[in-house]
Amino acid sequence: MEKRAQVVRSAAELIRVAAPEIGHLVTSEMGQPITIAVELVGRGADTMDFFADMAGRIAMTEIRTDGGMAAVVREPVGVVAAIAPWNGPFNMAITKIVPHLLAGCSVVFKPAPETPFDVAYLVDALTDAGLPSGVLNVVTGGAETGEHLVSHPDIDKVSFTGSTAAGRKIGAIAGGQLKRIQLELGGKSAAIVLDDADLGLLAASVARGTFFNSGQVCAALSRVLVPRSLQDSAVEALVDVAAKWRPGDPFESTTTMGPLAGRRHLERVSGYVARAEADGAVVRTGGRRPDGLERGFFFESTVLTDVDNSMAIAREEVFGPVVVVIPHDGVDDAVAIANDSQYGLHGAVFTASERAALEIASRVRTGTFTLNGFLYNNRAPFGGVKASGVGRDTGLEGLESCFELKTINLPSDADSLRIADVLQGERGE
Ligand code: NAD
């Protein structure tokens, strides 16, 4: 294990050196602003170090004595098919690949067709750092290639991040073959605002979560639930902040918001906004391509009101810079609206009362939750409940999911120290 951790740490160093080049490539692939793309590559290298450190904390062999003596050993889960989306491609590749390699698995990685290139830097860095050939493989292609990979009999585990629609298909195939599965899927997360909330903080946080990366963020706070009496001031704060998140050339170092990832996606986001207007929603800002940016798939930061939680714009994942504001009539009503969703990936509460915030955190059915902000911490487990997925990708728990447990029952008079020694020696620990 330590040898593998060493390979990962050396590869992380190589990635730090190549960060400007990798960031440039990510910007070319999917339009993420260059300054952010380069910074995220650096954070990806930090994530590699984190997983390498965590690997040392996993007990690969434990001797249990309760109810009889047994050795409980962790073995690599096997050959893993890892399939990723395009919205943060390089860091997603790190999250999907590195923990499995540390556990001793082989990986076949399939990037999204929109972003097929950047993972080559990760492969090169790991290879230069000493990863044996054949352990990590990359295949490119779309849904058909992905399905072929998922159904292949030599695959033991599928680790998928992407849309809920694709996740359902993959889950059905993998379930039929009883493969291990990890699904990180879509979201429609709610920010619950209470009477005593700081609306400036709310607006800044929603913008960081939902306008950042042009809203191509699975954990985006795309539904803002505000007390009826605060609706006007909350909308004003959101419209003000939206004006600061204006799309621009992603290769300019000062740009904070780039285009959407492609034409098909621009059509999807515009289509959702048009349908919301037809359903009675009112566009308070944005809702269209910005003036002066005719080339490229740009879309303005958008705030919609007069939205009911039953409308498609409140129920389906738009995956663009679009926020809907929905009024609520108190905490119970807000929690009910937040939970009235097929998704359960993230959520947030904005209030001056820590106690009220924690109570709401425990009532919203979701895999992650933030108090007074938009935060993502990949040192902690990340993932969803309901249609947002199965399993956790990050944190120590993400690494633990890369192992199978085997119990070796032992005679009651076995010498536990000797057995632990032999097992550890055999497994190169
Ligand atoms: P997508 O589901 O269309 O594609 C994701 C990946 O799966 C791609 O590599 C694609 O080629 C592949 N794929 C598609 N259909 C497949 C099938 N039937 N079998 C096997 N592979 C298949 O998603 P996308 O548009 O690339 O990404 C956006 C989605 O990803 C959003 O729904 C977003 O919420 C989700 N996402 C989730 C997380 C999370 O951690 N929960 C993180 C990022 C993105």
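**Group meeting: the ligand shell and two buried residues**

Of the 429 residues of this protein, 53% count as buried, and I should say at once that what we are looking at is a predicted model. The chain is built from 14 helices and 16 strands. Its radius of gyration is 23 Å, close to the 22 Å that the globule rule gives for 429 residues, so the protein is as compact as a globular protein of that length. Taken along the principal axes, the C-alpha atoms fill a box of roughly 75 × 50 × 35 Å. If we take the contacts between residues at least 6 apart in sequence, 72% of them join residues at least 24 apart. The accessible surface comes to about 18,300 Å², and 52% of that surface belongs to carbon and sulfur atoms.

Let me turn to the ligand. Around the ligand there are 29 residues, of which A84, K110, S163, L185 and E317 come nearest. By character, the shell divides into 17 nonpolar, 7 polar and 5 charged residues. Which side chains place an N or O atom beside an oxygen atom of the ligand? For S163 the separation is 2.6 Å, and for E317 it is 2.5 Å. A polar side-chain atom of E147, in turn, lies 3.0 Å from a nitrogen atom of the ligand. On its own the ligand has 840 Å² of accessible area, and the protein covers 89% of this. The elements that give two or more residues to the shell are helix α5, residues 143-151, strand β6, residues 157-161, and helix α6, residues 164-176.

I would also like to look at two single residues, beginning with H100, which sits in helix α3, residues 89-103. Is H100 buried or exposed? Its relative accessibility is 2%, and because buried means under 20%, H100 counts as buried. Setting aside neighbours within four places in sequence, H100 is in contact with V80, C105, V107, K157, S159, Q182 and C402.

The second residue is M69, found in the loop between β1 (61-64) and β2 (70-76). M69 has a relative accessible area of 13%, so this loop residue is buried as well. What does M69 touch, once residues up to four places away in sequence are left out? The partners are I63 and R64, together with I408, N409, L410, P411, S412, A414 and S416. By contrast, A12 is 57 residues from M69 along the chain, and the C-alpha atoms of the two are separated by 40 Å.

Methods: Residues numbered from 1 in each chain as written. Predicted model: local features only at pLDDT ≥ 70, side-chain atom pairs only at ≥ 80, totals over all residues. Heavy atoms only, no water. Near = heavy atom within 4 Å. Polar contact = N/O pair within 3.5 Å; in protein donor to acceptor, adjacent residues only side chain to side chain. Areas by Shrake-Rupley, 256 points an atom, 1.4 Å probe, with all protein chains shown as cover. Helix = DSSP H or I, 4+ residues; strand = E, 2+ residues; numbered from the N terminus. Nonpolar A, V, L, I, M, F, W, Y, C, P; charged D, E, K, R; others polar. Buried < 20%, exposed > 50% of the residue type's maximum accessible area, 1.4 Å probe, protein only. Contact = heavy atoms within 4.5 Å. Rg over C-alpha atoms; globule rule 2.2 N^0.38 Å.
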